[in-house]
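User: Please take a close look at the nonpolar interior of this chain, and then follow the parts that help to place it in the fold. I would like one connected account that I can read beside the structure.

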Amino acid sequence: MTGDFGGKLMKYIKRWLPYAPAPVYAVCEWVHLYKERREKGEDSTLCRREKSRKVHCLGDKDPDKTYYVIALDEQETGIASMMIYLLGHFKYADKMHYIPVIDSTLYRPWLWGGPDEEVAQCPWRKGLPWEMKERWLFYFKQPAGVTMQDIQDCKNVVFASPRAVDTPCHPMREIEMLKKRYMRKWNPLLKKYVIFEDDTAQYIEQQTCNIFREGRRVLGVSVRMGYVQGMKLKEKHYQYHNRQPDSIDIFIHDLERFRLLWKCDYIFLSTDDTGSADDLKKHFGGTLLMLDRMRTRITENGVFSSNPLLDVSISSNRAYLAELVILSKCQCYLGCRNGGCSIVNVMNNGRFEHKYIYAMGKLEDV
């Protein structure tokens, strides 16, 4: 009984810790970091923090420039959440007049996907060798056109801290507030440094033109009902995620109301599970638009039969990025709190005619 209570207490603390006062958050964070240091040694977050923000001399090349290396090292962080994390570092690089360089080879953020044949083998689950590739370059260009190979002999190289910067205690808490003034603060950095690579840009352009053809008035919606199921199943990857609508029926009812209220002809859907997509397609028919990509499938007895958190391909992530861009260009937006929602609002830069975010609970522009 004591063990069950302790486990529930820890889950509660972890869930609300990011929103705790800064001193409380800092104490709990340092306890965790010292524990990790005993386990990982020099590769621990604490050791990497100690080495960060210091100028390292790797050679004599480019003595008049300072390069800022940002490692993508959170294995369970998706593309949108990683973009949020990067925005703070881009702001710091601008402030210090550093040239940002993304390092996505040293660590392995498996949510960033891989080639179809590599995904089919699922090396992260089966323990097979991981192919060291620049996963950032699957979807984006280097922010300043400088690669990791270009800086190997440079005189001034600064390694970014593995923690988020320019934030009180929770990564990019300002963005998650979704206020217009914050969107306008971060939008220029996103446009300046987050540049799609050519194939991804071409794919996004094609899909965007297809959705908005004939002057359609589109309501963009994003919901993660698979996360609701994941929470019910106590799946570890879902248990601390922001709350979503409790059922697809509630979401359909709200969607009908907002579509009529905001006078939208079509609905563009971004969702993470096949069941929600099928239910919405059945209800709205030809007025519902969406892209093909990998989604969670949950069987009737509530068991995952496939999980995109483990089986992600480049093409699926590319479609997800296209969804974010399309959502940002819709006239109105109905969404749930998640990393993608934040990036959509940064991309949109406060231009939505109407917007409703479930976790905020207000039918108004926020």
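Analyst: A nonpolar core, as the term is used here, is a set of buried Ala, Val, Leu, Ile, Met, Phe, Trp, Tyr and Cys residues joined through side-chain atoms within 4.5 Å. The model is a predicted one, and what follows should be read with that in mind.

In this chain the largest such core has 54 residues, and those with the most contacts inside it are Met83, Leu86, Phe90, Phe140, Phe268 and Leu321. At least two residues of this core are supplied by each of β2 (67-71), α4 (79-96), α8 (180-193), α9 (198-211), α13 (314-329) and α14 (339-348). Helix α4 gives the largest share, eleven residues. In soluble globular proteins, nonpolar side chains tend to be buried together.

Phe90 shows what the surroundings of one of these residues look like. Leaving aside residues up to four places away in sequence, Phe90 touches Ile70, Pro100, Ile102, Pro143, Leu189, Tyr193 and Val194. A second core, separate from the one just described, has 21 residues, among them Ile248, Ala277, Cys336 and Tyr356.

Helix α14 is listed among the elements that supply the largest core, and its burial can be followed residue by residue. Ten of its ten residues are buried, so α14 is largely enclosed by the rest of the structure. The buried residues run through Gly339, Gly340, Cys341, Ser342, Ile343, Val344, Asn345, Val346, Met347 and Asn348. Cys341, one of them, counts as buried because its relative accessibility is 1%, under the 20% limit. Just after α14, Asn349 takes a positive phi of about 60 degrees.

Strand β6 (residues 266-271) can be examined through two of its polar residues, of which Ser270 is one. Ser270 counts as buried, at 6% relative accessibility, and its side chain makes a polar contact of 2.6 Å with the side chain of Glu323. Beyond residues up to four places away in sequence, Ser270 touches Val221, Ser222, Val223, Arg293, Glu323 and Leu327. Thr271 is also placed in β6 and counts as buried, at 1% relative accessibility. The side chain of Thr271 reaches the backbone oxygen of Val223 at 3.1 Å. Not counting residues up to four places away in sequence, Thr271 touches Val223, Ser276, Ala277, Arg293 and Arg295. Ala277, one of those partners, is included in the second core.

Two loop residues offer a contrast with these buried positions. His97 lies in the loop between α4 and β3 (99-103) and has a positive phi of about 60 degrees although it is not a glycine. At 69% relative accessibility His97 counts as exposed. Glu214, in the loop between α9 and β5 (218-223), likewise has a positive phi, near 60 degrees, in a residue other than glycine, and it counts as exposed at 68% relative accessibility.

Strands β2 and β3 also belong to an open sheet of four strands, which has the order β1-β4-β2-β3 and mixed pairing. Its edge strands are β1 (55-56) and β3, each of which pairs on one side only. Two bridges join β1 to β4 (residues 157-159), and these two strands run antiparallel; His56 stands opposite Val157 in β4. Strands of a sheet pair through backbone hydrogen bonds, either parallel or antiparallel.

The cysteines deserve a separate word. A disulfide would need a pair of cysteine sulfur atoms within 2.5 Å, and by this rule the count is zero. For Cys57, the closest cysteine sulfur belongs to Cys154 and is 9.7 Å away, which is too far for a bond. Cys57 is exposed, with a relative accessible area of 52%, whereas Cys341 is buried.

Seen as a whole, the chain has 14 helices and eleven strands, and 52% of its 366 residues count as buried. Among its contacts with a separation of 6 or more, 70% are accounted for by residues 24 or more positions apart. The accessible surface of the chain comes to about 18200 Å², and carbon and sulfur atoms hold 52% of that area.

How values were computed:
Residues are numbered from 1 along each chain as its sequence is written. This is a predicted model: local features need pLDDT of at least 70, side-chain atom pairs count only at pLDDT 80 or more; totals for chains, interfaces and linings use all residues. Side-chain values use heavy atoms; hydrogens and water are left out. Buried means under 20% relative accessible area, exposed over 50%, partly exposed in between (1.4 Å probe, protein chains only). Contact means heavy atoms within 4.5 Å. A polar contact is a pair of N or O atoms within 3.5 Å; within protein, one must be able to donate a hydrogen and the other to accept it, and residues adjacent in sequence count only if both atoms are side-chain atoms. Accessible areas come from the Shrake-Rupley method with a 1.4 Å probe; for residues, only the protein chains shown count as cover. Two strands pair if DSSP finds at least two bridges between them.
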